[in-house]
Amino acid sequence: MSFKVFQINEEFLDVMPKEIVDLQENATWGNPKRGVMDLPFHKELIEEHSLCAGCPEAAALRYIMASIPNPEDTVIVNSTGCTSLVFPHIAMHTVHSLFGNQNAVASGIKRVLEYRYPDKVKDVIVLAGDGATIDIGLDCTLQSFFRQEKITTICFDNEVYANTGGQESGATPKGHVFKMAPKGKQFEKVPMWQLAIDSGCKYVARLTVSSPKRVESVIKKAVYVAREVGPTYVHLYTPCILEIGLNSDQGLEEMRSKDKERFAFFEYISPEAEEVINRKKAEGLL
Ligand SMILES: Cc1ncc(C[n+]2csc(CCOP(=O)(O)OP(=O)(O)O)c2C)c(N)n1
Ligand code: SF4
Ligand SMILES: [Mg+2]
């Protein structure tokens, strides 16, 4: 793990697309105060990614990438789904796990890193969709919380299995109709943020990605607390504009409307987490 992960072999520099050279030349790695305010001057995600145009997952990933405190010493574990489509377009250490297994794989990686580098800070972040986190992978997600693994879990909740064409998931609200849920969901949405608190997470947040600064604050808190105290969980509403029939410029509007209702900002901070957060604020890192 080193800065070399985003460095291009000199012999290829003249043939690489400008976007990829930009990733290397304008990266903010190594600056502990990096954040979303740097985004106008650099980028962390190649524009020509394979998600739908205007997909809020792409914006969410961009804000997260800009906010991670130590990208050169961070491993992101992801799972199959639309979320995973962006990983070939970023310059970071990522591991693609079997669908649903992401928190088990991340637990192993975190333990090995602690064993191999006892004197270094190494952060492990899980980033997966609602199907992977709340349905098929729920066992692995919750067990990692129960075991108090020091990892951050981020769920991109678009309330549907988007990548496979629109099946309902545990995160789909009651009554919602999708292409492959024509009668409407018959059960309530799983309140994953509450399950995370009940299962021992030390810091939990639920929000949309309408405000980049708020995403930055939440991600930094979640990573710092996981590093020192225990599991943390961030639940982000990233609507699938395709499956709910919106145009590519309507994702932000959709998130802003949900800021006032189902995804109103909610934060749980345990006493141990509060101590870390206050210290990081005093250090100017939050
Ligand atoms: C072990 C396994 N089971 C099922 C699948 C099929 N599969 C691929 S993507 C996907 C849906 C992902 O949904 P979600 O996690 O909500 O992510 P989204 O695509 O909505 O971002 C499924 C079920 C798979 N690839 N591997
Ligand atoms: S199908 Fe939905 S979640 Fe997937 S890339 Fe398109 S808009 Fe985004
Ligand atoms: Mg989904």
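## A walk through the sheet, its helices and two ligand shells

Six bridges join strand S4 to strand S6 (residues 232–237), and the two strands run parallel. One of the contacts between them pairs Phe 156 with Leu 236 in S6. This is a predicted model.

Stay with S4. The strand spans residues 152–157 and is mostly covered, with six of its six residues buried. Its residues point two ways. Thr 152, Ile 154 and Phe 156 point one way, while Thr 153, Cys 155 and Asp 157 point the other way. Both sets are buried. Such a pattern fits a general rule: in a regular strand the side chains alternate between the two faces of the sheet.

Now look at S3. Strand S3 covers residues 123–129, and five bridges join S3 to S4. These two strands also run parallel. Here Ala 128 has Cys 155 of S4 as its bridge partner.

Next comes S1, which covers residues 74–78. Five bridges join S1 to S3, and this pair runs parallel. Ile 76 stands opposite Ile 125 in S3. Thr 74 is found in S1 too. Thr 74 counts as buried because 20 other C-beta atoms lie within 10 Å, and the cut-off for buried is 20 or more. The C-alpha atoms of Thr 74 and Asp 123 are separated by 4.6 Å, although the two residues are 49 apart along the chain.

Step back to the whole sheet. Seven strands form an open sheet, in the order S2-S1-S3-S4-S6-S5-S7, with mixed pairing. Strand S2 (93–96) and strand S7 (266–269) stand at the edges. Each has a single partner strand, so one side of each is left without a neighbour in the sheet. Neighbouring strands of this sheet are turned by 15 degrees against each other on average, direction ignored.

The helices come next. Helix H2 (residues 56–67) meets helix H7 (residues 212–228), their axes coming within 9 Å and crossing at roughly 50 degrees. That angle makes H2 oblique to H7. H2 passes H7 in a right-handed crossing. H7 also packs with helix H9 (residues 271–282), at an angle of about 120 degrees and with the axes 9 Å apart. Therefore H7 is oblique to H9. The crossing of H7 and H9 is right-handed.

Turn to the ligands. Ligand 1 is surrounded by 19 residues, and the closest are Gly 81, Gly 129, Gly 131, Ala 162 and Asn 163. Two elements, S3 and helix H4 (130–135), give two or more residues to this shell. H4 gives the most, with three residues. By class, the shell around ligand 1 divides into nine nonpolar, nine polar and one charged.

Ligand 2 has its own shell. Among the residues around ligand 2 are Cys 52, Cys 55, Cys 82 and Cys 240. Ala 162 and Asn 163 are listed there too, and both are also among the closest residues to ligand 1. Glu 57 and Glu 243 belong to the shell around ligand 2 as well. Its residues divide into eight nonpolar, two polar and two charged.

Some loop residues deserve a look. Gln 148 sits in the loop between helix H5 (138–146) and S4. Gln 148 has a positive phi of about 60 degrees although it is not a glycine. With 14 other C-beta atoms within 10 Å, Gln 148 is partly exposed.

Glu 159 lies in the loop between S4 and helix H6 (192–198). Glu 159 also has a positive phi, about 65 degrees, and is not a glycine. Its surroundings count 25 other C-beta atoms within 10 Å, so Glu 159 is buried.

Finish at Asn 31, in the loop between helix H1 (18–25) and H2. Asn 31 is exposed because 10 other C-beta atoms lie within 10 Å, and the cut-off for exposed is 12 or fewer. The C-alpha atoms of Asn 31 and Pro 71 are separated by 9.8 Å, with the two residues 40 apart along the chain.

Key
Residues numbered from 1 in each chain as written. Chains lettered and ligands numbered in written order. Predicted model: local features only at pLDDT ≥ 70, side-chain atom pairs only at ≥ 80, totals over all residues. Near = placed C-beta within 6 Å. Nonpolar A, V, L, I, M, F, W, Y, C, P; charged D, E, K, R; others polar. Helix = DSSP H or I, 4+ residues; strand = E, 2+ residues; numbered from the N terminus. Pairing = 2+ DSSP bridges. Axes fitted to C-alpha atoms, helices over the stretch in contact; angles between N-to-C directions. Parallel < 35°, antiparallel > 145°, perpendicular 65-115°, else oblique. Left-handed = near helix turned anticlockwise from the far one by under 90°.
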